Amino acid sequence: MPQEEIFDVIIVGAGAAGLTAGIYSSRAKLSTLILNEGAIGGQMVLTEEIANYPGVDTKKGYMLANTMKMQAKQFGCKIKSGLQIKSYDLEGEVKHFVLDDGREFSSRAVILTPGGRPRSLGIPGEESFKGKGISYCATCDGEFFTGKEVVVVGGGNSALEEAVALTSYATRVTIVHQFDHFQAFKHAVEQAEKNPKISFIMESELRSFKGDGVLQEVTMEHLPKGKITTMRTDGVFIFAGYIPNTEDLDGIVELNERKEIVTDTDLKTNLPGVFAAGDCIVKKYRQVTTAVADGTIASLSAAEYLRS
Ligand SMILES: Cc1cc2nc3c(=O)[nH]c(=O)nc-3n(C[C@H](O)[C@H](O)[C@H](O)COP(=O)(O)OP(=O)(O)OC[C@H]3O[C@@H](n4cnc5c(N)ncnc54)[C@H](O)[C@@H]3O)c2cc1C
């Protein structure tokens with residue numbers, strides 16, 4: 001049997017946070033392996049245009065992801081993708097991973113960067129019009145709706161704050177919310193209510209998306225009466241919550257009630273030698289820039305842990 005290699009660092013996930021951690025760790029001459037489940041680049045490859053990543057001409061999400069991947073590999077980072085981790089043993093000094101195909105990997109430090117996904121509504125047309133009128137990120141896509149009319153779905157802080165932000169671009173923003181009151185903070189509600197470009201449709205839920213290649217209209221149900229109506233729109237921004245990809249880590253590292261990984265400011269988790277970064281951790285703003293910053297911090301913290 002060949003001797004099993006013990007990596008200095010294993011990173012779980014190859015999104016912006018994981019690839020950045022890979023760049024920093026391998027450049028610091030730490031033997032580094034990234035284990036990734038889905039597409040390399042994570043949510044970046046789902047994003048047509050990334051217009052707010054500073055200092056880079058490349059705006060296509062998949063190109064930014066590819067550049068980060070090449071940079072990590074150039075420093076010697078190994079990336080294994082399209083796999084599934086069956087079990088995690090993160091408690092001892094040597095951490096252990098078993099994949100569903102039986103392969104096993106070990107390391108002295110671990111950086112968890114499994115990211116997350118916006119909660120979708122799960123109604124007809126949603127998959128077809130993602131990126132063709134349906135968005136889950138106003139900061140990312142608001143500009144594409146300059147001079148247009150959009151719908152915002154949700155009643156929490158994100159929905160109301162992003163609705164206000166969208167009025168910088170859109171001529172009209174209609175907030176559709178399922179209850180007769182908002183869950184957002186009073187200040188966020190007041191800001192939305194006093195904005196002349198924002199109108200409200202309460203106690204209503206979207207039922208379907210329709211269009212010819214791009215989104216053109218939505219159907220919605222007014223819940224108290226069950227009445228279905230149709231509304232023309234250029235875009236819909238959905239803020240129905242966010243799901244961290246931490247299902248497999250429940251009971252392994254500390255998660256909060258929203259299933260986000262709890263870290264300190266150095267991005268240490270509750271387990272020695274285990275760090276976490278990116279959209280999966282407890283934080284307010286989820287962007288490529290913040291994921292990249294987290295990946296940097298987690299990698300530097302892991303290097304310090306390994307030195308000590
Ligand atoms: C539609 C959309 C548009 C966006 N537009 C912008 C924008 O314009 N500008 C901007 O700054 N931000 C934008 N964002 C947000 C930004 O993409 C994310 O905040 C950022 O990419 C998160 O990076 P991450 O590395 O934390 O996670 P992710 O990108 O989610 O990467 C996580 C990776 O881990 C893998 N993984 C998950 N679970 C496991 C597991 N158990 N084992 C192994 N691997 C696993 C996933 O397959 C994925 O590859 C957008 C997001 C979306 C959804």
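This is a short talk that walks through one protein chain, its two open sheets and the surroundings of its ligand.

Hi everyone, and thanks for coming. Before anything else, please keep in mind that what you see above is a predicted model.

Let's start with the whole chain. DSSP runs give the protein chain 7 helices and 17 strands. Its radius of gyration comes to 21 Å, close to the 19 Å that the globule rule gives for 308 residues, so the chain is as compact as a globular protein of that length. If you lay the C-alpha trace along its principal axes, the spans are about 70 × 40 × 35 Å. And how much of the chain is buried? Of the 308 residues, 42% are.

Now to the sheets. One open sheet has 3 strands, in the order β12-β13-β14, and the pairing is antiparallel. Why is one side of β12 and of β14 left without a neighbour in this sheet? Because β12, residues 204-212, and β14, residues 227-232, stand at the edges, where each has a single partner strand. On average, and ignoring direction, neighbouring strands here are turned by 25° against each other. If you zoom in on β13, which covers residues 214-222, you will find 6 bridges linking this strand to β14 in the antiparallel sense. A nice spot to look at is M220, whose bridge partner in β14 is T229.

The other sheet I'd like to show you is also open, this one with 5 strands. Their order is β8-β15-β9-β10-β11, and they pair in parallel. Which strands form the edges? They are β8, residues 134-135, and β11, residues 198-201, and each of them pairs on one side only. Strand β8 runs parallel to β15, residues 235-238, with 2 bridges joining them. Within this pair of strands, I134 stands opposite V236 of β15.

Last stop: the ligand. There are 36 residues around the ligand, and the ones that come nearest are G13, G15, G42, G115 and G278. Which elements give two or more residues to this shell? Those are α1 (16-27), β7 (116-118) and α7 (288-307). By character, the shell divides into 16 nonpolar, 16 polar and 4 charged residues. Both domains take part as well: domain 1 (6-117 + 242-307) and domain 2 (120-238) each supply at least three residues to the shell.

That's the tour, so do turn the structure around and have a look for yourselves. Thanks for listening!

Terms used: Residues are numbered from 1 along each chain as its sequence is written. This is a predicted model: local features need pLDDT of at least 70, side-chain atom pairs count only at pLDDT 80 or more; totals for chains, interfaces and linings use all residues. Two strands pair if DSSP finds at least two bridges between them. Helices (H or I, at least four residues) and strands (E, at least two) are DSSP runs, numbered from the N terminus. Axes are lines fitted to C-alpha atoms, for helices over the stretch in contact, and angles run from 0 to 180 degrees between N-to-C directions. A residue is near a molecule or strand if its C-beta atom, placed from the backbone, lies within 6 Å of it. Ala, Val, Leu, Ile, Met, Phe, Trp, Tyr, Cys and Pro count as nonpolar, Asp, Glu, Lys and Arg as charged, and the others, Gly among them, as polar. Domain bounds come from an automatic or database domain assignment. The radius of gyration is taken over C-alpha atoms; the globule rule is 2.2 Å times the number of residues to the power 0.38. A residue is buried if 20 or more other C-beta atoms lie within 10 Å of its own, exposed if 12 or fewer, and partly exposed in between; C-beta atoms are placed from the backbone.
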